[in-house]
Amino acid sequence: MEKLETLFEHIASRINVNLKPMGLDVRPILQNAIPRERHLAYYAFYALTEDHPISFKFTNSNLAGTYFLGKTLVDRSVVYKSNLRGDELKRKGDVVEFNGVKTTLFYDEVIRVINSYLVKTLVHNHSKNPEIPEVFKILNTVAMHYSNIHGTTTEGVYLGPFSTVDFSVMHNCIVGDFSYVQAGDLSRVVIEPGHVWIKVNGSFEFHYVYPEGVVDEYVSLDEHGHVSGKFIEYVDEFKEDFVPVYSTVKPERLELAIGDGSYVSPYSVIKGACTIGPNALIAQRAHIEDSVIGEGSNAQENCYIKDSVYEGFNVTAHGGKVIHTHNGKNVFVGFNSFVHGTESCPITIGKNSIVMPHTIIDAAEPIEIPENSAVWGYITKQSDLETQCMDLDELSNASDLTLGNLTFKGDGKAFVEGFRNRIEHILEENGAYYDGTDDTRGHAQKTQDASFNILQPFQGGKDAGMYPTMTIGE
C-alpha cells in the first residue's frame, strides 16, 4: 500500500499548509479514520443513465462505493463510500443568476475533486459559486464521517463528523463536529461543534448552539481520528445490512410493492414490512425498516428510517435518522437530524412542519409537535418545545428573537419562505409530482433505468488499494 500511504501524506501536507496555522493537524485523523484493509475490500461503482452527461475521469485515486451520475473529475483523492451525485449539473447555454445578475454558461458544469479525502461523504452539486458557475470544485478538503457538502466550492476546509456545509463558499475553514453552516462566503473561520448557523446577508441570521456536553454524547472525534457517540453506535447497528448490497454486482432485492413512478436504489437496504408509495425516492445507502413511505416522499442518502410512517410528500434530507415517528404530510426532516422515538415514547410531527437541520429529538417520553411548526435544538421531553419550537406563521412575523439557545435577527418571512421554497424544489427535483409527462420527471423517474458498473482496486504490490487511471467517457 505504498502509493496509498504516499497519497495520504500528500493530502495531509496540502491541507496542513492552510489549516495548521489555525491549530489543526489533519495527519493523525487521516492515518486512523479508515482501517487500511478496507481500501482493499471495497469496490467503486458508477451509474449510467440517458439523463445525465457522462465524463468520469479517475487519476491514481483510491475510491470505494462511489456513485457518479454526471461529469466528474477525481485526481489523487481518497473517496470512501461517497456519492458525488452530479444529477443537477448545469448545462452549456443555461442562464444562471447571482445577486440579481444573469450570465450564460460557456460549458457544462463539472464536479472537480482534487487532493481531497472524503469519508462516507455525499458531495451533491448545483454550485452556488458566482466566480466559476461551471465548476463545482473541492480541493484540499477533509470531510469526515457522514459529513455532507452541497453546492459548495471549498479549498483547505475540514469538516468534522456529521457536519454539513450547505450553499457556502468556504476558504480555509474548520467546521466542528455536528455543525451546520449555510452562511455565504467564509474565510479562515472556525465553527464550534454543535453550531447551527444560517445567514443570508441583508436578510436574516439564525444561530443555535447546543448546550455544553450534548454534542460529545452523540458524536466525538479524538486526536487519533476515532469517532464515538450515539450517532456512530446507531449507524453501526445496521452496518452488516449493507455488506450483501456491496458484495455483488447486482444486489438482490426482496419482494416489495413499489408505487408507480417510484425508485428504490439497489444500493439501499429495505427490511421488514415496508410500503413504498407512488413517486417516492429511496436513495443510495438509505436504510428503511418496517416503515410506510407515502406518496411523493423521499429518503435521501445516508438516511435511516425505522418503525415510522410518512403520510406523503415528506422529505428526509441527507443523513436524517427517523425512528418510531409518525410524520404528517409535507414534513421536512433536515440534514443529519436525529428524530429518535421508541415504542413506548413515540414522536408525532404535525403536517407542514420543518425539523431544522441538525436537530436532536431523543424522546424520554411521548412527544407531539404541532402542525405548521419549526423545531430545532435538543429535545427529550414535551416541555422542551417551549423554547425549541415555534409556529411557522409566528416565526414569519419575527424580526428579533431570543429563545433558549436560539437567536434570530432579520426577516422571519424570508427565512420561512426560503425553507418552504427549498422543500418544494426538492420535491419537484425528486419527481414527487410526476404525472406521466416529461416536464414533471424527477430523480425517481430518471434513475429507474440506471445501469451500474463496477471497478475494483489493485489487491497487491505498491499499488494495493488504488484504482487504475481511466477515462470512462465523454
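Glu217, Lys230 and Asp362 are tied together in a network of salt bridges. That's in a predicted model, and the structure holds eight salt bridges. Below you'll find the charged pairs, then Asp108 and its surroundings, the sheets, and a word on cysteines.

**The salt-bridge network**

- Within the network, the side chains of Lys230 and Glu217 meet at 3.0 Å, N to O.
- This pair links distant parts of the chain: Lys230 sits in helix H5 (residues 230–236) and Glu217 in helix H4 (residues 214–218), 13 residues apart.
- Lys230 has a relative accessible area of 31%, so it counts as partly exposed.
- Glu217 is partly exposed too, because its relative accessibility is 37%.
- As for Asp362, the third member of the network, strand E40 covers residues 360–362 and is joined to E43 by two bridges, with the strands running parallel.

**Lys90 and Glu109: a buried pair**

- The side chains of Lys90 and Glu109 form another salt bridge, at 3.2 Å from N to O.
- Both partners lie in loops: Lys90 in the one between strand E5 (78–80) and strand E6 (95–98), Glu109 in the one between strand E7 (101–104) and E8.
- They are 19 residues apart, and the pair links distant parts of the chain.
- Lys90 is buried, because its relative accessible area is 6% and the cut-off for buried is under 20%.
- Glu109 comes out at 0% relative accessibility, so it is buried as well.

**Lys271 and Asp241: a partly exposed pair**

- Lys271 and Asp241 also meet through their side chains in a salt bridge, with an N to O distance of 3.3 Å.
- Here Lys271 belongs to strand E25 (residues 269–271), while Asp241 is in the loop between H5 and strand E24 (263–264).
- The two are 30 residues apart, again linking distant parts of the chain.
- Lys271 has a relative accessible area of 30%, which means it is partly exposed.
- Asp241 is at 22%, so it also counts as partly exposed.

**Asp108 and its contacts**

- Asp108 is found in the loop between E7 and E8, the loop that also holds Glu109.
- Its side chain reaches the backbone nitrogen of Lys92 at 2.8 Å.
- Leaving aside neighbours within four places in sequence, Asp108 is in contact with Lys71, Lys90, Arg91, Lys92 and Glu134.
- One of those contacts, Lys90, is the residue that forms the salt bridge with Glu109.

**Strands E2, E4 and E8**

- Strand E2 (residues 56–59) pairs with strand E4 (residues 72–75) in the parallel sense, over four bridges.
- Along that pairing, Lys57 stands opposite Leu73 in E4.
- E4 is also joined to strand E8 (residues 110–114) by four bridges, and these strands run parallel.
- In this second pairing, Asp75 stands opposite Ile114 in E8.

**The mixed sheet**

- Seven strands make an open sheet with mixed pairing, in the order E12-E14-E17-E20-E21-E46-E45.
- At its edges are strand E12 (148–150) and strand E45 (400–403), each of which pairs on one side only.
- Direction ignored, neighbouring strands of this sheet are turned by 5° against each other on average.
- Inside the sheet, strand E20 (residues 195–200) and strand E21 (residues 204–209) pair in the antiparallel sense, over six bridges.
- Trp197 stands opposite His207 in E21.

**The parallel sheet**

- Seven strands make up another open sheet, this one with parallel pairing, in the order E25-E28-E31-E34-E37-E40-E43.
- Its edge strands are E25 and strand E43 (378–379), and each pairs on one side only.
- E25 is the strand that carries Lys271 of the salt bridge with Asp241.
- At the E43 edge, the bridge partner of Ile360 is Tyr378.

**Cysteines**

- How many disulfides does the structure hold? The count is zero.
- A disulfide is a covalent bond between the sulfur atoms of two cysteines.
- Cys173 is buried, because its relative accessibility is 0%.
- Cys345 has a relative accessible area of 12%, so it is buried too.

Note on methods
Residues are numbered from 1 along each chain as its sequence is written. This is a predicted model: local features need pLDDT of at least 70, side-chain atom pairs count only at pLDDT 80 or more; totals for chains, interfaces and linings use all residues. Side-chain values use heavy atoms; hydrogens and water are left out. Two strands pair if DSSP finds at least two bridges between them. Axes are lines fitted to C-alpha atoms, for helices over the stretch in contact, and angles run from 0 to 180 degrees between N-to-C directions. A disulfide is a pair of cysteine sulfur atoms within 2.5 Å. Buried means under 20% relative accessible area, exposed over 50%, partly exposed in between (1.4 Å probe, protein chains only). A salt bridge is a side-chain nitrogen of Lys or Arg within 4 Å of a carboxyl oxygen of Asp or Glu. A polar contact is a pair of N or O atoms within 3.5 Å; within protein, one must be able to donate a hydrogen and the other to accept it, and residues adjacent in sequence count only if both atoms are side-chain atoms. Contact means heavy atoms within 4.5 Å.
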